Amino acid sequence: MEEFHLNPLILTALLSLVLLWSITRISIKSSNKKKLPPSPPKLPIIGNLHQLGSSLPHCDLHSLAKKHGPLMLLHFGSVPVLIVSSAEFAREIMVTHDTTFANRPHFKAMMKMVYGCRDVSLSPYGEYWRRMRSIVVLQLLCNKRVQSYSTIRKEEAACLVNKIRESSGTTPVDLSAMFESFSNDVIGRSAFGGKLSDSENGKNFLDAMADLMELLGIINIGDFIPWLGWIGRVNGVDKRLDDTAKKIDQVLESVIQERLREKGVKDKNGEYFLDILLDIYNDKTPDVSIDRDSLKGTILDVFVGGTDTISTTMEWTMSEILRHPTVMEKLQHEVRGILKQKPEITDDDIQKMHYLKAVIKEAMRLHPPLPLLVPRLASKDVQVKGFDISAGTVVMINAWAIGRDLVSWVEPEKFMPERFLNSSIDFKGLDFELIPFGGGRRGCPGITFAAAGMELLLADLVRKFDWKLANGVEPKDFDMSESPGMTVHRAVPLLALASPSPAT
Ligand code: HEM
């Protein structure tokens, strides 16, 4: 048989081709390989969930970010979760790639509680959300409307001051409980025109709201490891979700039906959130009207978004000034100097209180009520500063860590309202080192409403009373621990001694 001899030239050409093909394959492969953000090592099935062990996830994530950087990719079970811990990366999410990250993930508790996410805060980014958001921004929470509720704020602040007067002197007052009723009553009256604590129905609603806040703070394992979804049925969480959602719906339905009956007779003037929403619900114009679930979801948003957050901010602000007596003195000096003998505080007075505003900003820097804000979701694959992020990644922005970032703040652990006096930094969502209200197109629409109530109440409290920590506790020994949950309250109630100021 004739031997087969390959021409050396042809052999070299063939070998070169094979080599070129391999090199091209390798380079295509490596360009397909994604550049992911740094990740701590994870375990099979649970991913990084075991690293959130302390019950205060914002603290655990802050510690992890110190090791792995301000943009980290974690896995909660099978769900990729991007953790953002610097102002620079928060700006990337909320400005540079705002539309990509304008979606929200839909966890089981949210779907069950908030009418399948037909509200504003959880609805998917798109036309429906845009319509609902414009109702909230333009009709419920615009400046004019917020101003129109000033009597409610003043009356509720006066009511709290009276309660403190009754128990002041030697008996400590429970400011945590008082701030909770203040925010419930201001929101309740703005939403329905009456205090919820005055009726049986209202009290049921407040109880159910407390359950709802607790349930929203529980990590539901089935959201992250779908085949373990049955655990919710066994440990009773699913039943609690169903019962609470039913209770809230019953109250909202009965309030709506009563209002619809009254409206036929009295023709109310559309002053409160519910009346405004009912007018839109009754409007039969296509693309204007909203359905019943959207109406109820939006009312719920106002309560979930506005009650706990306002009372928590007040709790932390008073805690900080009680343990910093020089700040308290400086604040009282400013407020009393501006108000002198005036019987009432006006919006113009508040605008002159620069130190008061600085105190609230400083408290929100160190204690954002929602330390991880409200989660976002990547709608498509995107590159963030060279890192590849896949569609479907949940995004958590650690506002608590950002408020303590040495890159943005000098001596971040210190409570120093003075840092804001000659600074234009505000919490309106444009300065990413201070984002307790989030930012970008899904940023909080309730900032003006919240700030108006908190500023007025704080001014009233430091004007009318001199304050001390209860039970002889020294400022340096004062317990500032946090309790777990979606909104992070004080772990122990804030007790303080108030003595009426001789000047008022
Ligand atoms: C101290 C008080 C408050 C704090 C700290 C706060 C914080 C927040 C945060 C962090 C978000 C998510 C922002 C983002 O994703 O970038 C948010 C959204 C929202 N907040 Fe607030 N909030 C407060 C008061 C209020 C009030 C008083 C209302 C209504 C009366 C309200 C209604 C809403 C709504 C409807 C959204 C959803 C916006 C959307 O997804 O388009 N909030 N809030």
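In this predicted model, Cys444 sits in the loop that links helix 18 (399-402) to helix 19. That loop residue is a good place to start, since the iron atom of the ligand has a single donor from the protein, namely the SG atom of Cys444 at 2.3 Å.

Around the ligand as a whole there are 29 residues, and those that come nearest are Arg104, Trp129, Arg133, Arg376 and Cys444. Some of the surroundings can be described at the level of single atoms. An N or O atom in the side chain of Arg376 is placed 2.7 Å from an oxygen atom of the ligand, and for the side chain of Trp129 the corresponding distance to a ligand oxygen atom is 2.9 Å. Gly439 takes part through its backbone, with an N or O atom 3.2 Å from an oxygen atom of the ligand. Helix 5 (127-140), helix 14 (292-322) and helix 19 are the elements that give two or more residues to this shell. Helix 14 supplies the largest share, 5 residues. By class, the shell holds 16 nonpolar, 9 polar and 4 charged residues.

Helix 19 also packs against another part of the fold. Its axis (residues 447-464) and that of helix 15 (residues 325-339) come within 9 Å and cross at roughly 95°; the two helices are therefore roughly perpendicular to each other. On the helix 15 side, the contact is made by Met328, Leu331, Gln332, Val335, Arg336 and Leu339, which meet Leu458, Ala459, Val462 and Arg463 of helix 19. This contact comprises 7 nonpolar residues, 1 polar residue and 2 charged residues.

Helix 15 has a further partner in helix 17 (residues 354-366), and here the axes come within 8 Å with a crossing angle of roughly 140°. Angles over 145 degrees would count as roughly antiparallel, so helix 15 and helix 17 are instead oblique to each other. From helix 15, Val327, Lys330, Leu331, Glu334 and Val335 meet His354, Tyr355, Leu356 and Val359 of helix 17. The residues of this second contact divide into 6 nonpolar, 1 polar and 2 charged. Leu331 and Val335 are worth a look in the viewer: both meet helix 17, and both are also listed in the contact with helix 19.

How values were computed
Residues are numbered from 1 along each chain as its sequence is written. This is a predicted model: local features need pLDDT of at least 70, side-chain atom pairs count only at pLDDT 80 or more; totals for chains, interfaces and linings use all residues. Side-chain values use heavy atoms; hydrogens and water are left out. Axes are lines fitted to C-alpha atoms, for helices over the stretch in contact, and angles run from 0 to 180 degrees between N-to-C directions. Helices (H or I, at least four residues) and strands (E, at least two) are DSSP runs, numbered from the N terminus. Angles under 35 degrees count as roughly parallel, over 145 as roughly antiparallel, 65 to 115 as roughly perpendicular and the rest as oblique. Contact means heavy atoms within 4.5 Å. Ala, Val, Leu, Ile, Met, Phe, Trp, Tyr, Cys and Pro count as nonpolar, Asp, Glu, Lys and Arg as charged, and the others, Gly among them, as polar. A residue is near a molecule or strand if one of its heavy atoms lies within 4 Å of it. A polar contact is a pair of N or O atoms within 3.5 Å; within protein, one must be able to donate a hydrogen and the other to accept it, and residues adjacent in sequence count only if both atoms are side-chain atoms. Donors are N, O and S atoms within 2.8 Å of the metal (3.2 Å for Na, K and Ca); water is not among the atoms, so sites may look incomplete.
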